[in-house]
Amino acid sequence: MSQRDATKKPAAGKPAPGGGPPGEDGRPKESRAKARRAARRAAATPGRAAGAALARLRAPLAAFLRRFGLLIALVLSGFLGGLGYALFAPTTYTATAYVLVVDDGDGGQGPAAVSFAQAFGRLAPLPETLAYSSIPLPDGAMAATRDHIQSSTSPDTPLIKLAGSAGTPAAATAYANAAADALVRYGTSHRTDTGVRVALMSMAATPSVPSSPNPPLDVAVGTASGVLLAGLGAAVLSGRRGRAHQRGQHDASRPPRGAVPSPAAEPVEVHS
């Protein structure tokens with residue numbers, strides 16, 4: 001074949017040498033199919049790599065969850081409990097008033113004043129005591145005064161703290177001031193019998209922020225409770241694992257059942 005014939009181009013419509021029929025872009029169809037397969041393999045490579053990495057992490061993750069899953073669940077439950085209380089608990093406002101019991105005998109804070117302060121503190125939330133107040137209570141609150149009025153005293157000083165709590169600042173202030181006014185009037189009416197008088201130290205101011213819920217405190221308390229339960233659970237699980245390990249060592253040290261102990265070697269006498 002001459003050099004002129006070898007340099008001739010293939011005629012139109014005929015397959016190119018070394019390839020299949022030409023496509024629309026001028027490339028053989030086999031070349032385009034190979035290019036598509038290569039593109040699909042390149043696209044699937046990141047997915048296969050991620051799957052392989054996940055498969056390698058699956059066994060350590062499962063072992064970690066078997067060992068610490070219960071403890072993590074307890075801590076998470078405490079956190080979610082505190083967060084749920086902070087989000088859904090009803091809003092409560094608290095106002096505080098103070099009264100002081102003074103001994104008429106020496107005009108000071110003697111033992112009699114401290115003793116009567118303890119007694120007056122227990123009587124403050126009672127409806128019978130609150131009936132002496134000139135400050136009206138919120139409507140329908142007389143039957144549930146113990147839920148809205150709390151009193152606290154000190155064993156060393158005759159000071160009585162009266163806290164009023166309610167869903168609104170005005171109602172909380174009304175409870176505290178009504179309790180303080182009632183206690184002063186009650187103590188005055190029984191002054192000749194007790195020998196002490198009750199004096200108003202300070203009226204309750206209207207609170208500007210709610211006393212509960214307190215989201216940071218509630219979440220912290222819930223999380224701390226979860227951590228405490230997790231610590232107790234870890235101690236229990238550790239004790240069980242220790243006992244199981246000791247039991248396994250004890251069972252391994254005992255000879256199997258039915259085994260006959262080997263006879264002791266008898267001493268051999270050597271005659272010269």
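## A tour from strand β1 to the Tyr186 rings

Buried residues account for 24% of the 272 residues in the protein. What you have open is a predicted model, so keep that in mind as you click around.

Start with the whole chain in cartoon view. You should find 8 helices and 4 strands, and from the N terminus on they come in the order α-α-β-α-α-α-β-β-α-α-β-α. Look at the contacts between residues at least 6 apart in sequence: 73% of them join residues at least 24 apart. Switch on the surface if you like; the accessible part comes to about 18500 Å², with 61% of that belonging to carbon and sulfur atoms.

**Stop one: strand β1.** Select residues 93-103. Is this strand enclosed or open? Of its 11 residues, 8 are buried, so the rest of the structure largely encloses β1. Now add residues 159-166, which is strand β3; it pairs with β1 in the antiparallel sense over 8 bridges. To see one of the matched positions, pick Ala95 and its bridge partner in β3, Gly164. Then bring in β4, residues 196-202, which runs antiparallel to β1 and is joined to it by 6 bridges. Here, try Val101, which stands opposite Val198 in β4.

**Stop two: helix α6.** Select residues 169-189. With 21 residues at 1.5 Å each, this helix should span 30 Å, and the C-alpha atoms at its ends are indeed 30 Å apart, so the two agree. Since 16 of those 21 residues are buried, α6 is largely enclosed by the rest of the structure too.

**Stop three: Thr129.** Look for this residue in helix α4, residues 127-130. Its relative accessibility is 4%, so Thr129 counts as buried. Leaving out residues up to four places away in sequence, Thr129 touches Leu123, Ala124, Ala182, Leu183 and Tyr186.

**Last stop: the rings.** Across the whole structure there are 3 aromatic pairs. Show Phe120 and Tyr186 as sticks: this pair is edge-to-face, 6.1 Å centre to centre with 90 degrees between the planes. Phe120 sits in helix α3 (residues 111-123) and Tyr186 in helix α6, 66 residues apart, so the pair links distant parts of the chain. Both Phe120 and Tyr186 are buried.

Next, add Tyr132. Its ring centre is 5.3 Å from that of Tyr186 and the planes are at 85 degrees, so this pair is edge-to-face. Tyr132 lies in the loop between α4 and α5, 54 residues from Tyr186. At 35% relative accessibility Tyr132 counts as partly exposed, while Tyr186 has 17% and is buried. Finally, select Phe116 along with Phe120, Tyr132 and Tyr186 to see one aromatic cluster.

Conventions: Residues are numbered from 1 along each chain as its sequence is written. This is a predicted model: local features need pLDDT of at least 70, side-chain atom pairs count only at pLDDT 80 or more; totals for chains, interfaces and linings use all residues. Side-chain values use heavy atoms; hydrogens and water are left out. Buried means under 20% relative accessible area, exposed over 50%, partly exposed in between (1.4 Å probe, protein chains only). Helices (H or I, at least four residues) and strands (E, at least two) are DSSP runs, numbered from the N terminus. Two strands pair if DSSP finds at least two bridges between them. The expected span of a helix is 1.5 Å times one less than its number of residues. Contact means heavy atoms within 4.5 Å. Accessible areas come from the Shrake-Rupley method with a 1.4 Å probe; for residues, only the protein chains shown count as cover. Rings of Phe, Tyr and Trp (its six-membered ring) pair if their centres lie within 6.5 Å; planes under 30 degrees apart count as stacked, over 60 as edge-to-face and the rest as tilted.
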